[in-house]
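Hi everyone, thanks for coming. I'd like to walk you through one model today, so please have the viewer open.

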Amino acid sequence: MTNIAAIFKKEFRSYFNSPIAYIFITFFLGLSSWLFFRGFFFGNQAEMRLFFVYMPWIFLFFVPAVTMKLWAEEKKIGTIEILMTLPIRDYEVVLGKFFASFALLIVTVLLSLVIPFSVMYVGDPDGGIIITGYIGLLLMGAAYLAIGLCASTLTENQIIAFILGIFTCFVLLIIGEDIVLFNAPDWLFPIFRYLGLGAHYSSILRGVLDSRDIIYYLSVIGFFLYLSTLAVESRKWR
Amino acid sequence: MIEVRELTKSYGPTVAVNRVSFDAHAGEVLGFLGPNGAGKTTTMRILTCYLSADAGSATVAGYDVFEESIEVRKQIGYLPESAPLYTDMGVLEYLNFMTQVRQLPKSQRKERIRSVIDTCGLEGVIQKDIGELSKGYRQRLGLAQSLIHDPPILILDEPTSGLDPNQIIEIRNLIRDIGQEKLVLFSTHILSEVSATCSRVLIINNGEIVANGTPAELASQAKGEEIVHIAIRGPQAAVEAELNELAFVSQWTSVETTNGILAYQISATQESNAAEELFHVVVQNGWSLTELRQESADLEDVFLNLTDKEQTQVQKQQSAEQADDNNDDA
């Protein structure tokens, strides 16, 4: 536990030691507020639905950018050799890095609370839906993070990690979309519908926090963190 | 403290480490010597649990590197080649991070950081970011990092590469000091470093250990003939006649003749005390001696002997194969 905490602190500080965190937060808030408020006043309704609907697509490009360096950079500059010869287990490093990226995401999402407060200022939105929406947002973001982290373990090139992360998230996102579902073979339909990242998110957006959706996201996170650990361990396979 | 038995590791078809076995004990400075790509780094990576071997076994302080890797890692301080560090961290921040992941008790952290800063001469740069440090200081910080938990075993991969001569001497002295009570295992491809620092040398070539002993032992193994350089002022014909007479001189060549000074390179049979004998000969004949110098076989010869032989064999094989191919074509 103390090991995970040490890695977490180091990674979290390193986000703020470099421009990454500031650029990420600024552009994320700028883009999401713009996309939201652009349509908000025409809609003439005090609700956040538009904000949450855009999020899977904004996260698609922002989240892999947060995770791409976590392993790729260690491999590139060779620090992984010191890191993985410390008396720490591989999964502890994976978890420490994951939680650090998740913490950055939480900070960013908290800063975006400006938007619901503005909406509350001009109208009377349904608070419950906004809260579940934010929970859904964090769950989906965490799943993206786990996928991006996994992509980063596979290469020492950050660009490749970034693209691979986007691609994997994209595939998992669209297989739950209606267009894909209706064109999928019958036997794939239920699988795709269950695996699609977006479908679970939209059901949370409706204001229903179903344990099945939470379990789904936790399993996606767990699965990709497990894959990451395997990928890190693979240097020692014989 | 380290026991390695029949360690083997290949990357695809290339065998990086081939049935390597050796022992090392506390109080030793063990030098890994070998040309680039000989398998030094791979061996170290296996001992530090970064990689695992395909076959064979290795124990560090009684712990198996494959089965009890966490325990092994606690015993070792490791500085990888070219000292990879987090360039976006500060020097103190980095050392502090290392005390945490090395699980040092909170009460000792400050003291240990202080101590490694002193040992590695980092006072001047503690306020800086690692990214601003010169190569020499990065190397020192890398060393500081490996010493932070006061490990009984220190494994250093080319610790002096990229340093200037003064820094190299400092690091060597440091390694010698540490080696008084701990085990230091370090790799290099610089020969003088080994004779200057190590109590024992392992020469690795093509993944195999080709020599194992103290620098002096290895040097004496290599001694076949002694080479003596001599310059004499005297009558050329008489000098050369005398050289032909001497029993211990197996061969001589005239190097140059200027202003009546005759310079020769003489090969003498081993343990003939050639330099001293030659001196007497010169004195007896009433010539004068302007230079007398004995070249002793040293590690360099051992190294060249051991590493060249195999390479020439490989080359020979290759050229033989090429010749075969050519024959086939014809």
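I'll go from the contact of the two chains to a helix pair, then to the cores, and end with a hairpin. Keep in mind that this is a predicted model.

Let's start where the chains meet. On the chain B side, 23 residues are in contact with 21 residues of chain A. Two helices of chain B, α2 (69-75) and α3 (91-101), each supply at least two residues of that side. If you sort the chain B side by class, you get 12 nonpolar, six polar and five charged residues.

While we are in α3 of chain B, have a look at B:Leu92, which is found in that helix. Is B:Leu92 buried or exposed? Neither, in fact: B:Leu92 counts as partly exposed, because it has 15 C-beta neighbours inside 10 Å, and being buried would take 20 or more. You can also pick out B:Arg114, 22 residues apart from B:Leu92 along the chain, with 9.9 Å between their C-alpha atoms.

Now over to chain A, for a helix pair. The axes of α2 (residues 20-43) and α5 (residues 90-111) of chain A come within 10 Å and cross at roughly 35°. The crossing of α2(A) past α5(A) is right-handed. From α2(A), the contact uses A:Ala21, A:Phe24, A:Ile25, A:Phe28 and A:Leu29, and α5(A) answers with A:Leu104, A:Thr108 and A:Leu111. By class, that contact has seven nonpolar residues, one polar and no charged ones.

Next, the cores. The largest nonpolar core has 138 residues, and among those with the most contacts inside it are A:Met140, A:Ala143, B:Ala144 and B:Val184. Which helix gives the most to this core? That is α7 (residues 127-153) of chain A, with 14 residues. Take A:Ala143 as an example: leaving aside neighbours within four places in sequence, A:Ala143 is in contact with A:Leu197, A:Tyr217, A:Val220 and A:Ile221. Apart from the largest core lies another one, of 11 residues, including B:Val249 and B:Leu262.

That brings us to the hairpin. Strand β12 (residues 249-258) of chain B runs antiparallel to β13 (residues 261-269) of chain B, and eight bridges join them. One facing pair to click on is B:Thr257 with B:Leu262 of β13(B). There are two residues between the strands, and B:Asn259 takes a positive phi near 50° in this hairpin. Why does β12(B) lie largely in the open? Because the number buried among its 10 residues is one.

That's my tour, and I'm happy to take questions.

Terms used:
Residues numbered from 1 in each chain as written. Chains lettered and ligands numbered in written order. Predicted model: local features only at pLDDT ≥ 70, side-chain atom pairs only at ≥ 80, totals over all residues. Contact = placed C-beta atoms within 7 Å. Helix = DSSP H or I, 4+ residues; strand = E, 2+ residues; numbered from the N terminus. Nonpolar A, V, L, I, M, F, W, Y, C, P; charged D, E, K, R; others polar. Buried ≥ 20, exposed ≤ 12 C-beta atoms within 10 Å, placed from the backbone. Pairing = 2+ DSSP bridges. Axes fitted to C-alpha atoms, helices over the stretch in contact; angles between N-to-C directions. Left-handed = near helix turned anticlockwise from the far one by under 90°. Core = buried A, V, L, I, M, F, W, Y, C linked by C-beta atoms within 7 Å.
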